[in-house]
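These are my notebook entries on a single chain, written while going through its helices and a few chosen residues.

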Amino acid sequence: MLPQLFQHPAYAEDQPSAYTILTLHCLHRGFTAGAILGLASPFARTAITTILRRPSLAGPLPWTTRLLSLAAIGSLGGTAFLAVGMTARMWGREEIEWQDRSWRILANKTQNREDDWSAGGMIIGALALGLTSRRGAGLGLPLGRASLGGAAVGSLLGTVGHVLTSSHSVEDVEQKVVAGEGPLASKVNH
């Protein structure tokens, strides 16, 4: 997603739009992370109510509607959390630090591929559930929340799709580390 939108110069100090690149990256990752937390929350609630032996507060909504709503809320929360986190982490940093981080994001082909899969899933999920909701398919959610929930679930499914189709298996990474190759080799073998 980002390499198609921004140029990637040979040197980090020449990276234009560094603030925008890093901000978009962090907001995108926050959106997906929030979707994960939102979708995990009913399971945590069930575990807690079971342990405390209290009745569940889950309402009469269908589980799909509840999960989409929680994914939508979680994605907004994750985005807001990482926006604050990025601001706190990068506050007062020199421009070269922004440029370096942005340059590294654009240089990381695996990260770029994951971003593409995740963004594709977001678009497909938002359109599919937005259209479904608009046609009155009985989701019980307003159009905006259905689209946002679809984007959140799509982002997560895109990430899963990237992981499942990635050419870098755990065995490949382990073989490179054992052979003394790759970025982890110097940390493990010394």
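**Entry 1: T32 and its partners**

I began with a side-chain pair: T32 and S155 are joined by a polar contact of 2.4 Å. The model is a predicted one, and I read the distance as a computed value. I then looked up where T32 sits, and found T32 in helix α2. Is T32 buried or exposed? Its relative accessible area is 5%, so T32 is buried, the cut-off being under 20%. I next listed the contacts of T32, leaving aside neighbours within four places in sequence: they are S118, S155, L156 and T159. One of these partners, S118, is itself among the buried residues of α5.

**Entry 2: Helix α5**

S118 led me to helix α5, which covers residues 109-134 and has 26 residues. From its first C-alpha to its last, α5 reaches 37 Å, close to the 38 Å expected at 1.5 Å a residue. I then checked which end residue caps the helix. N108 caps the N-terminal end of α5, with a side-chain oxygen 3.2 Å from the backbone nitrogen of T110. Besides S118, I noted the other buried residues of α5: N112, E114, D115, A119, G121, G125, L129, G130 and S133.

**Entry 3: α3 against α4**

How do the axes of α3 and α4 cross? I found that helix α3 (residues 63-90) and helix α4 (residues 95-107) have axes that come within 11 Å and cross at roughly 130 degrees. The two helices are therefore oblique to each other. I looked up the residues that meet there: M86, R89 and M90 on the α3 side, and E97, W98 and R101 on the α4 side. By class, the residues of this contact are 3 nonpolar and 3 charged, with no polar ones.

**Entry 4: D100**

I stayed with α4 and selected D100, which lies in this helix. The relative accessible area of D100 is 26%, and D100 is therefore partly exposed. I also recorded a pair distant in sequence: D100 and L22 are 78 residues apart along the chain, and their C-alpha atoms are 9.8 Å apart in space.

**Entry 5: S17**

Where is S17 found? I located S17 in the loop between α1 (2-5) and α2 (18-52). With 37% relative accessibility, S17 counts as partly exposed. For S17 and F6, I noted a separation of 11 residues in sequence and 7.7 Å in space, C-alpha to C-alpha.

Key. Residues are numbered from 1 along each chain as its sequence is written. This is a predicted model: local features need pLDDT of at least 70, side-chain atom pairs count only at pLDDT 80 or more; totals for chains, interfaces and linings use all residues. Side-chain values use heavy atoms; hydrogens and water are left out. Axes are lines fitted to C-alpha atoms, for helices over the stretch in contact, and angles run from 0 to 180 degrees between N-to-C directions. Helices (H or I, at least four residues) and strands (E, at least two) are DSSP runs, numbered from the N terminus. Angles under 35 degrees count as roughly parallel, over 145 as roughly antiparallel, 65 to 115 as roughly perpendicular and the rest as oblique. Contact means heavy atoms within 4.5 Å. Ala, Val, Leu, Ile, Met, Phe, Trp, Tyr, Cys and Pro count as nonpolar, Asp, Glu, Lys and Arg as charged, and the others, Gly among them, as polar. The expected span of a helix is 1.5 Å times one less than its number of residues. Buried means under 20% relative accessible area, exposed over 50%, partly exposed in between (1.4 Å probe, protein chains only). A polar contact is a pair of N or O atoms within 3.5 Å; within protein, one must be able to donate a hydrogen and the other to accept it, and residues adjacent in sequence count only if both atoms are side-chain atoms.
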